[in-house]
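I opened my notebook to look through this structure one topic at a time. My plan was to write down what I looked up and what I found.

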Amino acid sequence: GIAFEPVVSRADACATVGLSKYDFIVGFVGRLVPQKNPLRLIEAFKLVRAEKDNAKLVVVGNGELLDDTQKAVQEAGLDPHVVFCTDHQARPLMPAFDVLCCSSDYEGIPLVFLESLRAGVPVVTTPVGGTQEAILPGDTGFVAEEFTASSIAKEVMKVARQTPEEKLCMQDKANVHGDVFSVKRMGSNVRKVYEGILTGGKKVLLPFILCMALGVNIAQAAP
């Protein structure tokens with residue numbers, strides 16, 4: 001589970017990164033390494049900028065591809081629209097994002113997905129691992145069909161085109177779904193499972209064993 005901290009306001013988070021709350025802010029949080037494919041992120045953002053002239057990109061992270069990523073931003077003429085935060089904690093910045101973008105080639109269940117959802121920020125991601133549990137397409141974000149910049153940009157633009165009412169609805173659904181992964185919620189669900197084992201005998205123990213054998217997340221499976 002995740003021990004979530006109180007979320008700061010969007011205005012405060014935007015002020016920290018030097019952007020306006022009226023910008024459409026795409027966020028990226030992660031190591032700038034080949035697995036995360038930040039160069040694909042820059043390509044996707046360039047496509048988004050072509051359609052959304054108030055789009056900004058905030059890159060929170062550092063790594064071996066930092067120089068290459070900054071060079072790609074410069075070559076694309078995106079310098080005025082991209083903010084690099086190489087030494088910031090990510091959580092206090094997340095409320096500034098309109099959408100979190102994952103451009104990775106592969107993942108497990110990215111912790112940043114869960115943190116983003118809990119902050120009420122929808123996620124757009126390549127079809128990596130963990131998307132089935134964290135992303136409910138159309139409710140808490142969107143999953144790109146392919147591992148391409150154009151496919152990512154297409155899904156980001158779905159968020160960009162939302163009406164204010166649709167945006168608030170998705171933020172609320174993201175926050176509610178993110179709570180499923182909180183320490184308090186998961187701890188409570190796990191406790192219910194073990195209490196059921198102690199009081200229900202074989203009727204509860206057999207499903208428990210099956211869940212463990214199949215790798216099912218019992219914290220989410222519990223009623």
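The entries below go from confidence to the sheet, then to the cores, and finally to one helix and one residue.

**Entry 1: confidence.** I began by noting that this is a predicted model, and I looked up how confident the predictor was before reading anything else. The chain averages a pLDDT of 84, and 77% of the residues score at least 70. I then searched for weak stretches and found that pLDDT stays under 50 over residues 183-190, although the model has 14 contacts there beyond four places in sequence. I marked residues 218-223 as well, where pLDDT also stays under 50 and where the model has 14 contacts beyond four places in sequence.

**Entry 2: the sheet.** I asked myself in which order the strands of the open sheet lie. Reading across it, I found 6 strands in the order β3-β2-β1-β4-β5-β6, with parallel pairing. At the edges I found β3 (82-85) and β6 (141-143), each of which pairs on one side only. From one strand to the next, the twist averages 20 degrees.

I looked more carefully at one pair and saw that β2 and β3 run parallel and are joined by 4 bridges. In this pair, L57 stands opposite V82 in β3. I also looked up helix α2, which packs on the sheet and touches β1, β2, β3 and β4, while its direction makes about 160 degrees with that of β2.

**Entry 3: the cores.** Before this entry I reminded myself that, in soluble globular proteins, nonpolar side chains tend to be buried together. Here the largest nonpolar core has 30 residues, and those with the most contacts inside it are F24, V26, L57 and V156. I listed the elements that each supply at least two residues of this core: β1 (24-29), α2 (38-51), β2 (55-60), α3 (66-75), β4 (99-102) and α6 (149-160). Helix α6 gives the most to this core, with 7 residues.

Apart from this core lies another one of 27 residues, and among them I noted A13, C14, F97 and A174. I then went back to V26 and, not counting residues up to four places away in sequence, found that V26 touches F45, K56, L57, V58, V99, C101 and V156.

**Entry 4: helix α4.** I wondered why α4 (residues 111-118) is largely enclosed by the rest of the structure. My answer is that α4 is enclosed because 6 of its 8 residues are buried, namely V112, F113, L114, E115, S116 and L117. Just after α4, I noted that G120 takes a positive phi of about 80 degrees.

**Entry 5: T125.** My last question was whether T125 is buried or exposed. I found that T125 has a relative accessible area of 0%, so T125 is buried. T125 has its place in strand β5 (residues 123-125). Leaving out residues up to four places away in sequence, T125 touches C102, F113, T131, I135, F142, V143 and A144. I also looked up E146, which is 21 residues from T125 in sequence and 9.7 Å from T125 in space, C-alpha to C-alpha.

Methods:
Residues numbered from 1 in each chain as written. Heavy atoms only, no water. pLDDT = per-residue confidence, 0-100. Contact = heavy atoms within 4.5 Å. Core = buried A, V, L, I, M, F, W, Y, C linked by side-chain atoms within 4.5 Å. Buried < 20%, exposed > 50% of the residue type's maximum accessible area, 1.4 Å probe, protein only. Pairing = 2+ DSSP bridges. Axes fitted to C-alpha atoms, helices over the stretch in contact; angles between N-to-C directions.
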